[in-house]
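Here are a few short exercises to work through with the model open beside you. Try each task before reading its solution.

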Amino acid sequence: MTQTAATMSRSTTMTGPILMLIGMLMFALNDAMGKWLVSSYGLGQVILLRSLAALLILVPMVWRAGFGKLLRVQRPGMQLARVAFSTAEVFFFYYAVVYLPLADVMTYWLAAPIYVAAASPFLLGEKVGWRRWTAIAVGFVGVIITLEPSSAMFTAPALISIVGSAAFAFMLISGRFLRETPDSTLVFFQVAGAGLAGLVFAPTDWSPIASGLDVALLGLLGVVAMAAHMLVNRALKISDAATVAPLQYTLLLWAVIFGWIFFGDGPRLTMMIGATLIVASGLFIFIREQTLKKRQAVLPAVPE
């Protein structure tokens, strides 16, 4: 009996990280497909069709839970702000990948937790000690190195990448105010908001779909994204965040691989150096936050 329980425990321990790794792979596939599609079709068109495909999965889930819950949301103003940030983040991401290598854009987006840490004392009232401020500074240096300081760093794609990753960070911050809102509700409004924005812009740049492959990819775009969300949410529910959250940085590995295979984009030295600093600072901030939470659970007065 004891051996069976131990086997089940090991199985559960392994399931969370495996689901997280598969979820990151699915997100990377979604991003690679999006980069492929927005090079041939309008940005609004791609996002509209992506959202419709995702809603095909979401609506039955929301139906079973009850549509009434969507009308009884926590903090409507904050919900609206989160939808605005998430919609901007999606548009900016797909705009950026048209002009920049996938790994470069992913590097900017992986800096979002650093922005969250920097903004948390002002927006969330959280205390940040010198260790995390040092890590935040290192992360910002990584972003600057990735930009390759020169006149080229002020091009529209580079600036859009920075603004988009900041929008993603503010989406994460707004999510902290909405902890009591079910994940399905948050994702539904997020997808619906992007779909409405896509509906507004799609008529201005709509292109006929050229092949059956593109039809499949446009349909899969939203399905793959939803599957990735479900895998990540499930991983976080069955495993500690400290175990699975750092695995999000495998996104960068997949971005380099897919960028090289599908688009011929080899990793730049400055991107690799900047990404290393960003990942290292992000991991330090996360580990430091987890350590402080454990200490404060025992001794709430322990300083940073």
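A salt bridge here is a side-chain nitrogen of Lys or Arg within 4 Å of a carboxyl oxygen of Asp or Glu. Keep in mind that this is a predicted model.

**Exercise 1.** Find which residue pairs with R268 in a salt bridge, and work out which parts of the chain the pair ties together.

Solution, step by step:
- The side chain of R268 meets that of D104, with an N to O distance of 2.2 Å.
- R268 sits in the loop between α12 (250-263) and α13 (269-298), while D104 belongs to helix α5 (residues 102-110), so the salt bridge ties together parts that are 164 residues apart in sequence.
- Buried means under 20% relative accessible area. D104, at 5%, is therefore buried, whereas R268 is partly exposed at 24%.

**Exercise 2.** The structure holds two salt bridges. Locate the one formed by E289, and decide whether E289 is buried or exposed.

Solution, step by step:
- E289 forms a salt bridge with R132, and their closest N and O atoms are 3.5 Å apart.
- This pair links distant parts of the chain, with E289 in helix α13 and R132 in helix α7, 157 residues apart.
- E289 has 16% relative accessibility, so E289 counts as buried. R132 counts as buried too, at 6%.

**Exercise 3.** Name the residues that form a nonpolar patch on the surface, then place W133 in its helix.

Solution, step by step:
- The patch is formed by F122, L123, W133 and F170, which together have about 430 Å² of accessible area.
- W133 lies in helix α7, residues 130-147.
- With a relative accessible area of 35%, W133 is partly exposed.

Conventions
Residues numbered from 1 in each chain as written. Predicted model: local features only at pLDDT ≥ 70, side-chain atom pairs only at ≥ 80, totals over all residues. Heavy atoms only, no water. Patch = residues over 30% accessible without salt bridge, like charges linked within 9 Å, V, L, I, M, F, W, Y side chains within 5 Å. Areas by Shrake-Rupley, 256 points an atom, 1.4 Å probe, with all protein chains shown as cover. Helix = DSSP H or I, 4+ residues; strand = E, 2+ residues; numbered from the N terminus. Buried < 20%, exposed > 50% of the residue type's maximum accessible area, 1.4 Å probe, protein only.
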